[in-house]
Number of protein chains: 2
Amino acid sequence: MSSVKPDKQQQHDVFQAIADPTRRSLLQLLVDRELPVTTLTGHFPMSRTAVSKHLRILSEAGLVTERKVGRERRYRLEPEPLLELKRWLAFYDRYWDNKLDALKRLVESDES
Amino acid sequence: MSSVKPDKQQQHDVFQAIADPTRRSLLQLLVDRELPVTTLTGHFPMSRTAVSKHLRILSEAGLVTERKVGRERRYRLEPEPLLELKRWLAFYDRYWDNKLDALKRLVESDES
DNA sequence: CAAAAGCGAAACCATTTGGTTTCATTTTAT
DNA sequence: ATAAAATGAAACCAAATGGTTTCGCTTTTG
């Protein structure tokens, strides 16, 4: 009768994943090339383990994948999930593309 | 000689601001209209104070502004900071726009 | 004027986050 | 066969996050 709490592991989404500057840099570094954790760590003032945990979060969000090569584990950028962000952002395109909207808001707020 | 700790107040950027789903909803609700805190709170299962704190964070990121109207404080969407996100995201456009890049990566990783 | 509405500030709390160090495991190099 | 390299897992910690309740201030309404 083991009643050890179900222990729900909180998944990360793409919005949370890119919220951290270190993780954004990691994505940047992985553009056009696979890199192992140790190499990536060289670019940050923190331990390899910390970088590893950031990679894990990126992985949960689907933004990187890994493949074992010998004793290395090479990480690769997986940009597809960024499309969700792109779509979210596209909603606000009206504010820049459509000058009429700005005018509309101006008129509407002018009720003095 | 007042030596009261500088008290650095951690500013929030646009990446952190949109990381929270409640805050993304708030932005959504403010599209094309100003709304006071109480009205906004009606859309969430949390206290007015909690919503107020989310608005504060959005404000720090420059995503909303407020103006006092009587005893109300009306919040308005300020989409400009989203351009930073847009620019950041644009960097990865190559992955979708340029099919040649996919090929390039494929070839480069084939060094067996 | 007194009550109510609208709101932020403050104090408080549990959980998450971002980091650390230590340890065990797998794979390569001597 | 050992030693070293590469790495994730685990335990731990301080600070940030996301929420609450209480309080006080300003403005409107009756």
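**Entry 1: surroundings of DNA strand C**

I call a residue near a molecule or strand if one of its heavy atoms lies within 4 Å of it. I worked on a predicted model, in which local features need pLDDT of at least 70 and side-chain atom pairs count only at pLDDT 80 or more, while totals for chains, interfaces and linings use all residues. I number residues from 1 along each chain as its sequence is written, letter chains from A and number ligands from 1 in the order in which they are written, and take side-chain values from heavy atoms, with hydrogens and water left out.

I looked up the residues around DNA strand C and found 24. The closest are Lys53(A), His54(A), Thr38(B), Ser52(B) and Tyr75(B). I sorted this surface by class into five nonpolar, nine polar and 10 charged residues. In this sorting, Ala, Val, Leu, Ile, Met, Phe, Trp, Tyr, Cys and Pro count as nonpolar, Asp, Glu, Lys and Arg as charged, and the others, Gly among them, as polar.

I then assigned the surface to helices (DSSP runs of H or I, at least four residues) and strands (E, at least two), numbered from the N terminus. Helix H4 (48-60) of chain A supplies at least two residues, as do helix H3 (37-41), helix H4 (48-60) and strand S3 (72-77) of chain B.

**Entry 2: backbone or bases**

Of the strand C atoms within 4 Å of the protein, I find 64% in sugar or phosphate and the rest in bases. I examined individual atom pairs next. The side chain of Ser47(A) has an N or O atom 2.6 Å from a phosphate oxygen of the strand. For Lys68(A), the distance from a polar side-chain atom to a phosphate oxygen is 3.4 Å. Arg48(B) instead places a side-chain N or O atom 2.9 Å from a base nitrogen.

**Entry 3: chain B against chain A**

I counted contacts (heavy atoms within 4.5 Å). Each chain gives 32 residues. The buried area, meaning accessible area (1.4 Å probe) lost on putting two parts together and summed over both, is about 3100 Å², with 60% of it on carbon and sulfur atoms. Asp32(B), Trp88(B) and Trp96(B) supply 19% of the area that chain B buries here, more than any other three residues.

I also looked for salt bridges (a side-chain nitrogen of Lys or Arg within 4 Å of a carboxyl oxygen of Asp or Glu). I record four between the chains. In the pair Lys86(A) and Asp93(B), the closest N and O atoms are 2.6 Å apart. On the side of chain B that touches chain A, H5(B) gives the largest share, six residues. By class, that side has 16 nonpolar, three polar and 13 charged residues.

Note on methods:
Polar contact = N/O pair within 3.5 Å; in protein donor to acceptor, adjacent residues only side chain to side chain.
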